[in-house]
Number of protein chains: 2
Amino acid sequence: MNELFGQRNHTPLYVEVRDTVLGRISTGAWKPGEMLPSESAIGQELGVSQGTVRKALDDLAAQNVVVRRQGKGTFVAEHTAERALFHFFHIETNANTRALPTNSQVYSCRRRKADKTEIDALKLDRDARIVEIKRVREMAGEPAISETVIVPAALFADIDKRTLNDVPNELYQLYEQKYGITVHRAVERVRAVGASDIDAKLLGKKPGTPLLEIERIAETVDGRPVELRVSRCLTEGRHYVSTIV
Amino acid sequence: MNELFGQRNHTPLYVEVRDTVLGRISTGAWKPGEMLPSESAIGQELGVSQGTVRKALDDLAAQNVVVRRQGKGTFVAEHTAERALFHFFHIETNANTRALPTNSQVYSCRRRKADKTEIDALKLDRDARIVEIKRVREMAGEPAISETVIVPAALFADIDKRTLNDVPNELYQLYEQKYGITVHRAVERVRAVGASDIDAKLLGKKPGTPLLEIERIAETVDGRPVELRVSRCLTEGRHYVSTIV
DNA sequence: GAGTGGTCTAGACCACAGA
DNA sequence: CTGTGGTCTAGACCACTCT
């Protein structure tokens, strides 16, 4: 027990430490890319031993909230292009090499009231407004993904077609750098659907062509959903990968 | 340093301990469901401190190799029906409730030489033989999944249609209990395909209906691939879930 | 009460990065 | 050289389970 976390409670100390650190990261007191104070410094500040801080930080490292580098320090995780792609983009070629989206064309970006699905998925108020972004992404030089991205208008003040086409592929870097929103975790729901007339046209295929539909809800580190994304993908010569451990 | 793990090397002690324990599990010296010796007993045997054993076991617990229960002990993980379904079966209804396969009909089980794909996926010898199991699984009372399962004949000596229909759904429990093979980890590759004539017939749909094809390669705890499985699923009112952390 | 894992501490030493 | 995280130890006490 110690002076900061107060009286008798049955929450382990390292959990309190972990949540304190997590809080500072999610409020932005410690920003992506920044180095945290050393283990002993945090321990001194919070009145716990270095070993307890270590356990707290190990937990956060296991959840990819921080990154530890021996000899250098502990850093708040950030969305490099590499992380965004390797961590969040799960399509690869049938030869099991990572397939990278090469190009992306935003053909629509508009603001409107959220519909019921969007309100549910993003936990919005009834009259909340959203930004709807539609784009086609290419892989290996061919249109491959027809994608609709929905974000709450309240969080993404000035986002527009031009902003988006300047930063073509890595939306999550844009979110982090321009809007201070770090996507930390996502749930993807995957279905097989037939291409609609619109999708068929965008992807240069016949209506009814089987497409992989990936619906993603992305959350920040404190669990707020901040993006709903539906991607319809051609999976000729490609597939979606998931590892079960 | 200590007497068992010998001279100067730069492998951390806890890694040696972890690998020793893992070895005993994968050779079957410690079997699924059994309790391991206590941390201090393992420490004494291997000549390391209890804290080092703890770190090794924590690692294994994080990988689901062992399960720790406070006050009881540390146990080798096993395939309960619950674990098989919740951990390895990733289809749920659109209401986000876990969809359970209710029934399963094996309509073919034969032995033959492995083809090239199978040799690659299961890392078999050129002339190895496999067992090919074909079945249809129902969900909510309707045929929903057309599945082909390939396992190396060498590992599954007497498997046949009757064995399979006696243990309808949970193959992994069967593998573990009858053949001493524990599936630990799997990679799934997911595509959208159109139903073939055969799949269409089995699932009661028209040829060309979009199906979700899930190709799974399952491994034991020591990384040997032991099963190749291709499931073609109807995803009307259902979807495949994957969480990215 | 005895035995298990879970938390917490304090301190020693190692490995790595960078000035 | 200093400061960082990484490993390892020894020992105290807590929380849970079972008898």
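The following dialogue considers a predicted model of two protein chains with DNA strands.

Trainee: How is the relation between chain A and chain B described?

Mentor: A rotation of 180° with 0.0 Å of shift along its axis places chain B on chain A, with an RMSD of 0.0 Å. The two copies are therefore related as by a two-fold rotation axis. The same surface serves both copies, since 100% of the contact residues of chain B recur in chain A.

Trainee: What area is buried between chain B and chain A, and how many residues does the contact take from each chain?

Mentor: The size of an interface is often given as the accessible area lost when the parts come together. Here that area is about 2600 Å², and carbon and sulfur atoms give 55% of it. Chain B contributes 31 residues to the contact and chain A contributes 31 residues. Of the area that chain B buries against chain A, 26% comes from Ala192(B), Ile244(B) and Val245(B), more than from any other three residues.

Trainee: Which residues of helix α4 of chain A are buried, and what covers them?

Mentor: An α-helix has 3.6 residues a turn, so residues three or four places apart point the same way. In α4 (residues 81–88) of chain A, the buried residues are Arg83(A), Ala84(A), Leu85(A) and Phe88(A). Their cover includes β4 (101–113), α7 (171–179), β7 (183–194) and β8 (210–220) of chain A, and also β10 (238–244) of chain B.

Trainee: Which residues come nearest to DNA strand C, and which part of the strand do the atoms within 4 Å of the protein belong to?

Mentor: Among the 22 residues around DNA strand C, the nearest are Leu13(A), Tyr14(A), Ser49(A), Thr52(A) and Gly71(B). Of the strand's atoms within 4 Å of the protein, 83% belong to sugar or phosphate, and the rest to bases. Phosphate oxygens of this strand lie 2.2 Å from a polar backbone atom of Leu13(A), 2.9 Å from a polar side-chain atom of Tyr14(A) and 3.2 Å from a side-chain N or O atom of Lys72(A).

Trainee: Which elements supply the surface near DNA strand C, and how do its residues divide by class?

Mentor: From chain A, α1 (13–26) and α3 (50–62), and from chain B, β1 (66–69) and β2 (73–76), each supply at least two residues. By class, the surface has five nonpolar, ten polar and seven charged residues.

Trainee: Which elements supply the surface near DNA strand D?

Mentor: For DNA strand D, β1 (66–69) and β2 (73–76) come from chain A, and α1 (13–26) and α3 (50–62) from chain B. A polar side-chain atom of Tyr14(B) lies 2.9 Å from a phosphate oxygen of this strand.

Definitions and conventions:
Residues are numbered from 1 along each chain as its sequence is written. Chains are lettered from A and ligands numbered from 1 in the order in which they are written. This is a predicted model: local features need pLDDT of at least 70, side-chain atom pairs count only at pLDDT 80 or more; totals for chains, interfaces and linings use all residues. Side-chain values use heavy atoms; hydrogens and water are left out. A residue is near a molecule or strand if one of its heavy atoms lies within 4 Å of it. A polar contact is a pair of N or O atoms within 3.5 Å; within protein, one must be able to donate a hydrogen and the other to accept it, and residues adjacent in sequence count only if both atoms are side-chain atoms. Helices (H or I, at least four residues) and strands (E, at least two) are DSSP runs, numbered from the N terminus. Ala, Val, Leu, Ile, Met, Phe, Trp, Tyr, Cys and Pro count as nonpolar, Asp, Glu, Lys and Arg as charged, and the others, Gly among them, as polar. Copies are superposed by least squares on the C-alpha atoms of residues with pLDDT of at least 70 in both. Contact means heavy atoms within 4.5 Å. Buried means under 20% relative accessible area, exposed over 50%, partly exposed in between (1.4 Å probe, protein chains only). Buried area is the accessible area (1.4 Å probe) that two parts lose on being put together, summed over both.
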